[in-house]
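Dear colleague,

I am passing on the structure we spoke about, and I would be glad if you could look through it with the notes below beside you.

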Amino acid sequence: MKGGKSKADTSKKADSKLSTKRRGTEKAKKTAKKAKAGKDPNKPKRPPSAFFVFMEEFRKQFKEKNPNNKLVSVVGKAGGDKWKSMSDADKAPYVAKANKYKTEYTKNMAAYNKKQSEGPNKNDDEEEEESDKSKSEVNDDEDDEEGSEGEEEEDEE
């Protein structure tokens, strides 16, 4: 048994490997417990970059030339290669479109942020308070009239 490893040495190594795996899963569970804030469906979407504007057009052209291709990765690689090989002059129309989308996005975000800073239900609360007041005044008047009539009936009996 010269130079051989004992069974005790191998079991210790296996135990240490298992304990690191367990630690990793515990960390994953702890991070998964944290809840993300919900996304607001009314928030404007971010605008596409010049590359993504280019890719919209490129995908259509690529599908026409290669109708049998079903792999998204092939289209992406071909589009990326073509984008890298294009000069700045060739990219200019896509950059202009991307800038146009970005200005629209900034306007929409400004309006969205303004709406958020005002408070989501500010107007609704005011309307509810007014309607509650009007209802209570009407109900008070009716209650007084009904109450006085009811008392008279009881007295008569």
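What follows goes from the overall picture to three of the helices and then to one lysine.

Please keep in mind that this is a predicted model. The mean pLDDT of the protein is 75, and 54% of the residues score at least 70. Confidence is uneven along the chain: among the elements, helix α4 (residues 88–118) has the highest mean pLDDT, at 95, whereas helix α5 (residues 122–156) has the lowest, at 50. Over residues 123–129 the pLDDT falls below 50, and this stretch has 0 contacts in the model beyond near neighbours in sequence.

As for the general layout, the protein has 5 helices and 0 strands, which gives the pattern α-α-α-α-α when read along the sequence. Of its 157 residues, 11% count as buried. Where contacts link residues at least 6 apart in sequence, 69% of them join residues at least 24 apart.

Turning to helix α2, its 16 residues should span 22 Å at 1.5 Å a residue, and the 23 Å between its end C-alpha atoms agrees with that. The buried residues in α2 are Ala50, Val53, Phe54, Met55, Phe58 and Phe62, and what covers them includes α3 and α4.

Helix α3 (residues 72–85) has 14 residues and reaches 20 Å from its first C-alpha to its last, close to the 20 Å expected. Here Val75, Gly79, Gly80 and Trp83 are buried. Because these four cover an arc of only 130° around the axis, they lie on the same side of α3. The face turned away from that buried side carries Lys77, Asp81, Lys84 and Ser85, which are exposed. The buried residues of α3, for their part, pack against α2 (50–65) and α4.

One residue that you may wish to look at in the viewer is Lys91, which lies in helix α4. Which side chain of opposite charge is nearest to Lys91? The answer is Asp88, at 4.8 Å, and Lys91, although buried, has no salt bridge. Leaving aside residues up to four places away in sequence, Lys91 touches Trp83 and Met86; Trp83 is also one of the buried residues of α3.

With best wishes

Conventions: Residues are numbered from 1 along each chain as its sequence is written. This is a predicted model: local features need pLDDT of at least 70, side-chain atom pairs count only at pLDDT 80 or more; totals for chains, interfaces and linings use all residues. Side-chain values use heavy atoms; hydrogens and water are left out. pLDDT is the predictor's confidence in each residue, from 0 to 100. Helices (H or I, at least four residues) and strands (E, at least two) are DSSP runs, numbered from the N terminus. Contact means heavy atoms within 4.5 Å. Buried means under 20% relative accessible area, exposed over 50%, partly exposed in between (1.4 Å probe, protein chains only). Lys and Arg count as positive and Asp and Glu as negative; His and the chain ends are not counted. A salt bridge is a side-chain nitrogen of Lys or Arg within 4 Å of a carboxyl oxygen of Asp or Glu. The expected span of a helix is 1.5 Å times one less than its number of residues. The arc is that of the directions from the helix axis to the C-beta atoms.
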